[in-house]
Amino acid sequence: MSKSLRNWIIVLAIGFVIWVCPTPQGLTPNAWHLFAVFAATIAGFILQPISMGAVAFIALTFCAITGVLPVFSNDLVVNLI
């Protein structure tokens with residue numbers, strides 16, 4: 001197994017384990033999922049399975065696709081108008 005593949009597995013495992021853990025009291029599920037993505041992103045920055053910019057872009061895209069971080073909210077649209 002290559003070092004890059006091993007690092008990818010570690011990064012994804014960190015994010016997955018935190019994602020599926022029960023949400024702590026006082027946090028919304030979206031906040032907990034955002035923390036899981038954040039922790040995996042930091043692990044990706046440290047382990048560098050790919051470049052740091054690519055790790056950040058993948059994390060942001062994943063948040064937008066899963067709805068953890070809404071791309072457009074009503075408040076944003078109203079503030080822009």
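This note goes through the predicted model of the protein chain, from its overall make-up to the packing of two of its helices.

1. As a starting point, the protein chain contains 4 helices and 0 strands, and a reader moving along the sequence meets these elements in the pattern α-α-α-α.

2. On burial and surface, the protein chain has 81 residues, of which 22% are buried. The accessible surface of the protein chain is about 5,800 Å², and carbon and sulfur atoms account for 74% of that area.

3. Turning to contacts along the chain, if one takes those between residues at least 6 apart in sequence, 50% of them link residues that are at least 24 apart.

4. One helix pair deserves a separate look, namely α2, which covers residues 29-47, and α3, which covers residues 52-66. Their axes lie 9 Å apart and the helices pack at an angle of about 165°; because angles over 145 degrees count as roughly antiparallel, α2 is described as roughly antiparallel to α3. The crossing of these two helices, α2 and α3, is right-handed.

5. As for the residues that make this contact, helix α2 contributes Leu-34, Val-37, Thr-41, Gly-44 and Phe-45, while helix α3 contributes Met-52, Val-55, Ala-56, Ala-59, Phe-62 and Cys-63. Sorted by class, the contact of α2 with α3 comprises 9 nonpolar and 2 polar residues, with no charged residues. Gly-44 of α2 takes part in this contact and is counted as polar, because Gly is placed in that class.

Notes: Residues numbered from 1 in each chain as written. Predicted model: local features only at pLDDT ≥ 70, side-chain atom pairs only at ≥ 80, totals over all residues. Heavy atoms only, no water. Buried < 20%, exposed > 50% of the residue type's maximum accessible area, 1.4 Å probe, protein only. Contact = heavy atoms within 4.5 Å. Areas by Shrake-Rupley, 256 points an atom, 1.4 Å probe, with all protein chains shown as cover. Axes fitted to C-alpha atoms, helices over the stretch in contact; angles between N-to-C directions. Parallel < 35°, antiparallel > 145°, perpendicular 65-115°, else oblique. Left-handed = near helix turned anticlockwise from the far one by under 90°.
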